[in-house]
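Colleague: Could you take me through one part of this model at close range? I'd like to look at the sheet and whatever sits against it.

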Amino acid sequence: IPPVLAIVGRPNVGKSTLVNRIIGRREAVVEDVPGVTRDRVSYQAEWNGTEFTLVDTGGWEHDAKGIHARVAEQAERAVEVADAVAFVVDATVGITATDEAVVKMLRRSGKPVILVANKVDDMALEAEAAQLWGLGFDYPYPVSAIHGRGTGDFLDRVIEVL
Ligand code: GDP
Ligand code: MG
């Protein structure tokens with residue numbers, strides 16, 4: 001059975017775009033509006049000859065529970081079945097209260113976490129990614145899921161921790 005990498009983070013940070021980049025197909029639903037329901041969340045992937053399973057998260061509607069709890073809860077379910085976690089943050093926005101809820105859950109989980117600073121579309125945005133060092137998750141990997149910038153280094157790390 002291939003190891004499992006869960007992709008977690010708040011809506012609209014680019015999780016599904018990153019999944020599509022990794023699998024090389026447009027199967028995960030990318031939405032400009034956060035919180036769209038979608039059924040398929042597991043994808044087979046491969047990098048440098050290592051196969052793994054990707055679990056995308058985020059296909060849910062807002063409900064009375066409120067967004068922070070809902071995002072953290074959904075991420076928690078994915079993390080339970082994962083061997084490692086890619087925590088995706090929007091580097092152009094920085095850390096929000098919803099991100100903080102996920103951070104707390106990830107610390108408790110004890111699973112290996114790779115911090116992905118997404119939307120670093122050009123070198124000028126690298127400085128924003130560096131601001132994420134303080135979260136305590138090791139080196140933030142600056143990537144642009146849309147353009148593919150930095151995703152090779154990120155995937156090298158994925159293979160190391162899986
Ligand atoms: P998810 O809700 O976390 O799955 O985010 P999506 O993958 O659906 O993307 C949300 C929005 O962010 C879409 O409009 C994407 O086109 C955009 N997006 C995703 N990755 C990038 C990126 O690397 N750079 C930029 N500029 N936009 C991105
Ligand atoms: Mg998505």
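**A close look at the sheet**

Modeller: Sure. Keep in mind that this is a predicted model. Let's start in the sheet with strand S1 (residues 4-8) and strand S3 (residues 50-56): the two run parallel and are joined by four bridges. You can pick out individual pairs here. Leu5 has Leu54 in S3 as its bridge partner, and for Ile7 the partner in S3 is Asp56.

On to the other neighbour of S3. S2 and S3 run antiparallel, with six bridges between them. These two strands make a hairpin, and two residues lie between them. Asn48 sits in that turn and has a positive phi of about 50 degrees. Right by the turn, look for Trp47, which stands opposite Thr50 in S3.

So much for the pairs; now zoom out. The whole thing is an open sheet of six strands, in the order S2-S3-S1-S4-S5-S6, and the pairing is mixed. Its edges are strand S2 (42-47) and strand S6 (141-142), each of which pairs on one side only. H1 packs on this sheet and touches S1, S2, S3, strand S4 (84-90) and strand S5 (113-118). The direction of H1 makes about 160 degrees with that of S3. Helix H3 (residues 97-109) packs on the sheet too, with S1, S4 and S5 as the strands it touches. For H3, the angle is about 160 degrees with the direction of S4.

Next, helix H2 (residues 67-80). It has 14 residues and reaches 20 Å from its first C-alpha to its last, close to the 20 Å expected at 1.5 Å a residue. Its buried residues are Arg70, Val71, Ala72, Ala75 and Val79. To see how such positions can end up on one side, remember that an α-helix has 3.6 residues a turn, so residues three or four places apart point the same way. What covers the buried residues of H2 includes S1, S4 and H3, and H3 is the helix you just met packing on the sheet.

Finally, go back to H1 and look at the ligand. Helix H1 (residues 15-23) gives the largest share of the shell around ligand 1, three residues. In total, 19 residues surround ligand 1, and the closest are Gly14, Lys15, Ser16, Thr17 and Ile146. Sorted by class, that shell has eight polar, six nonpolar and five charged residues. So H1 is worth a second look on your screen: H1 packs on the sheet, and H1 also contributes to the surroundings of ligand 1.

Technical notes:
Residues are numbered from 1 along each chain as its sequence is written. Chains are lettered from A and ligands numbered from 1 in the order in which they are written. This is a predicted model: local features need pLDDT of at least 70, side-chain atom pairs count only at pLDDT 80 or more; totals for chains, interfaces and linings use all residues. A residue is near a molecule or strand if its C-beta atom, placed from the backbone, lies within 6 Å of it. Ala, Val, Leu, Ile, Met, Phe, Trp, Tyr, Cys and Pro count as nonpolar, Asp, Glu, Lys and Arg as charged, and the others, Gly among them, as polar. Two strands pair if DSSP finds at least two bridges between them. Two residues are in contact if their C-beta atoms, placed from the backbone, lie within 7 Å. Axes are lines fitted to C-alpha atoms, for helices over the stretch in contact, and angles run from 0 to 180 degrees between N-to-C directions. The expected span of a helix is 1.5 Å times one less than its number of residues. A residue is buried if 20 or more other C-beta atoms lie within 10 Å of its own, exposed if 12 or fewer, and partly exposed in between; C-beta atoms are placed from the backbone.
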